[in-house]
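Trainee: Could you show me how to read a ligand site and ring pairs, with the cut-offs behind each term?

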Amino acid sequence: MRQRIVAGNWKMNKTRDEGLALVSELSNMIADEVSGNVQVVLCPPSIYLAAVGKMIQGSGSIALGAQNCHQKAAGAYTGEVSAAMLRSVGVQYVILGHSERRQYFGESNSLLKEKTDIALEAGLTPIFCCGELLELREQGVHLDFVRNQLTESLFHLSNEQLRRLVIAYEPIWAIGTGKTASNAQAQEMHAALREHLASRYGQETAQEIRILYGGSVNASNAEELFASPDVDGGLVGGASLKSREFTDIVKAAAGKS
Ligand code: PEP
């Protein structure tokens, strides 16, 4: 049985006071909702990571995640944050290859290969994002496109390394748009990705990997989306900024809604 994950990606939102108020509300609400079968990951902007980490210290059900890291270990990269730096302030997870990073910061599959390596080396768990544009789905090439994202960025990893990864399927047309993939669309892609992992790493490893769905997940659609057998939780953007809504999503993942 794969432990479900619900990760909240705040993106570039919230002042420090607003962010810490949200964490305070969430720690109270989530403690009551989670029964150990859901791992919650909060991914605030990096400037708040240490403060948020302090607030959730000792909470087994809420972990700390970053939204990005640099591909190099250290050096003259002004303005950047390394994986080891994140680890040193208590970060456990790091989102890699979010479509906004791919689109606005030119992150390619080969760059994400480097980022995955450095994150694993630092002891972080990458939440590796993949997903297609609407036009690729309309052309019927979405499965191949997303499989290739995995092949190019991840298939150099050893079996042991791959097992430390979480994958997030996020169709780009569903991110921040209010449009969600249907259950059937999500399940089709998740099953195809698990099969793809199995073809390289074997069924046993593929069955262990958590594959999250992301793209306009909210309190009303979470239960239905999480009911698909290969959907192991969600990567949540907009709805992670509201404590009640996010808690309801966590509740849906815990099977308590
Ligand atoms: C995301 O940013 O990963 C995301 C899925 O955003 P939203 O939930 O707002 O669509």
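Mentor: We take the ligand site and then the aromatic pairs. This is a predicted model, in which local features need pLDDT of at least 70 and side-chain atom pairs count only at pLDDT 80 or more, while totals for chains, interfaces and linings use all residues. Residues are numbered from 1 along each chain as its sequence is written, and side-chain values use heavy atoms, with hydrogens and water left out.

Trainee: Which residues are closest to the ligand?

Mentor: A residue is near a molecule if one of its heavy atoms lies within 4 Å of it. Here 14 residues surround the ligand, and the closest are Lys11, Glu170, Gly176, Ser216 and Gly237.

Trainee: Which atom of glycine 176 is 2.6 Å from an oxygen atom of the ligand?

Mentor: A polar contact is a pair of N or O atoms within 3.5 Å. For glycine 176 the partner is a polar backbone atom, 2.6 Å from a ligand oxygen; serine 216 likewise places a backbone N or O atom 2.8 Å from an oxygen of the ligand, whereas glutamate 170 uses a side-chain N or O atom, at 2.7 Å. The protein covers 95% of the 290 Å² of accessible area (Shrake-Rupley method, 1.4 Å probe) that the ligand has on its own.

Trainee: How many aromatic pairs are there?

Mentor: Rings of Phe, Tyr and Trp (its six-membered ring) pair if their centres lie within 6.5 Å, with planes under 30 degrees apart counted as stacked, over 60 as edge-to-face and the rest as tilted. The count comes to 2 aromatic pairs. The ring centres of phenylalanine 155 and tyrosine 201 are 5.6 Å apart and their planes stand at 90°, so this pair is edge-to-face.

Methods. A polar contact is a pair of N or O atoms within 3.5 Å; within protein, one must be able to donate a hydrogen and the other to accept it, and residues adjacent in sequence count only if both atoms are side-chain atoms.
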